[in-house]
Amino acid sequence: MKDWNALITFFLVRTQYAGNAGAAARALQNCGFKKMALVDPAFTKKHVDITKFAVGAKALIDKAPVYEDLKKGLKGFKYVIGTSRRRGSYRKNILNLFELPDLLRSLPTPEKTAILFGHEAHGLSNEEFALCQYLIEIPADPANESYNLAQAILLTAFEIFRMKPSLPPTIEEVYPSIPKIEAMHDHLKEGLQAIEFIKNENPEH
């Protein structure tokens, strides 16, 4: 069974507000995730809002690597999943958030996976979308389709958190033949008679 808590890293790309990063860390910790990364953030880890919004999850921010460039941050990752609320020519393989668990289960090997969340106002850029094999969108009211960054991360993390673990491979059941079953019964009857557990005059009963 794949341990997604260890395999998935949540990337916050060009995040503008430290409070969002702090709230995101708390959401990830609530769902058992231990890895996040910051790409070109507009704040430092010492910003007071990180502590304020992270509550007990500041350690997740403290150990998160910070990258100036997304490509450098994704080095070593095999699967990259972006998030988007807009469709366009650069946006391919778009899945509904509810399809994310099935996508993760279908990945052939349990390799490191990155899930990207872009700038609060503009999302991911076309260049950043080009680095993704898949995109996910979170359903919302068309009149208010933009989620807060921390909300989007919480919804995504929870969808993975709640997915059932992969079932073990099906083991083919092997049934004994009738002669073998009868032989087992005869052997059992003889043993029970030998210890006088059953009456010899009516052993079948």
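The following paragraphs lead through the predicted model of this chain, from its overall make-up to its salt bridges, one buried helical residue and two surface patches.

The chain is built from nine helices and seven strands. Of its 205 residues, 37% are buried. The accessible surface amounts to about 12,900 Å², and carbon and sulfur atoms contribute 55% of that area. Contacts across long stretches of sequence are prominent in the count: among contacts with a separation of 6 or more, 84% join residues 24 or more positions apart.

The salt bridges offer a way into the details. Four salt bridges are counted in the model. One of them pairs arginine 14 with glutamate 128, with 2.9 Å between the closest N and O atoms. This pair connects distant parts of the chain, since 114 residues separate the two partners: arginine 14 belongs to the loop between β1 (8-13) and α2, whereas glutamate 128 belongs to helix α7 (residues 126-129). Glutamate 128 is classed as buried because its relative accessible area is 11%, and the limit for that class is under 20%.

Two further salt bridges are each formed within a single helix. In the first of this pair, the side chains of aspartate 62 and lysine 58 come together with an N to O distance of 2.8 Å. Both residues are part of helix α4 (residues 58-62), where a spacing of four residues corresponds to about one turn of the helix. Aspartate 62 has a relative accessible area of 41% and is therefore partly exposed. Lysine 58, with a relative accessible area of 25%, is likewise partly exposed.

The other bridge joins the side chains of aspartate 102 and arginine 105, with 3.0 Å from N to O. Aspartate 102 and arginine 105 are about one helical turn apart because they stand three residues from each other in helix α6 (residues 100-106). Here the two partners fall into separate accessibility classes. Aspartate 102 reaches 52% relative accessibility and so counts as exposed, the threshold being over 50%. Arginine 105, at 33%, counts as partly exposed.

Helix α8 (residues 149-161) deserves attention next. Alanine 152 lies in this helix and is buried because its relative accessible area is 11%. Leaving aside residues up to four places away in sequence, alanine 152 touches Phe117, Ile138 and Tyr147. Its C-alpha atom is 8.9 Å from that of threonine 83, although the two residues are 69 positions apart along the chain.

The same helix also includes phenylalanine 161. At 48% relative accessibility, phenylalanine 161 is assigned to the partly exposed class. Phe161 joins Leu154 and Phe158 in making a nonpolar surface patch of about 290 Å².

A charged patch completes the description of the surface. Lys34, Lys35, Lys63 and Lys112 gather there as a patch of positive charge. Among them, lysine 35 sits in the loop between α2 (18-30) and β2 (36-39). Lysine 35 has 36% relative accessibility and therefore counts as partly exposed; this value also meets the patch requirement of over 30% relative accessible area.

Note on methods. Residues are numbered from 1 along each chain as its sequence is written. This is a predicted model: local features need pLDDT of at least 70, side-chain atom pairs count only at pLDDT 80 or more; totals for chains, interfaces and linings use all residues. Side-chain values use heavy atoms; hydrogens and water are left out. Patches are made of residues with over 30% relative accessible area and no salt bridge: like charges are joined within 9 Å, nonpolar side chains (Val, Leu, Ile, Met, Phe, Trp, Tyr) within 5 Å. Accessible areas come from the Shrake-Rupley method with a 1.4 Å probe; for residues, only the protein chains shown count as cover. Helices (H or I, at least four residues) and strands (E, at least two) are DSSP runs, numbered from the N terminus. Buried means under 20% relative accessible area, exposed over 50%, partly exposed in between (1.4 Å probe, protein chains only). Lys and Arg count as positive and Asp and Glu as negative; His and the chain ends are not counted. The place of a charge is taken as NZ of Lys, CZ of Arg, CG of Asp or CD of Glu. Contact means heavy atoms within 4.5 Å.
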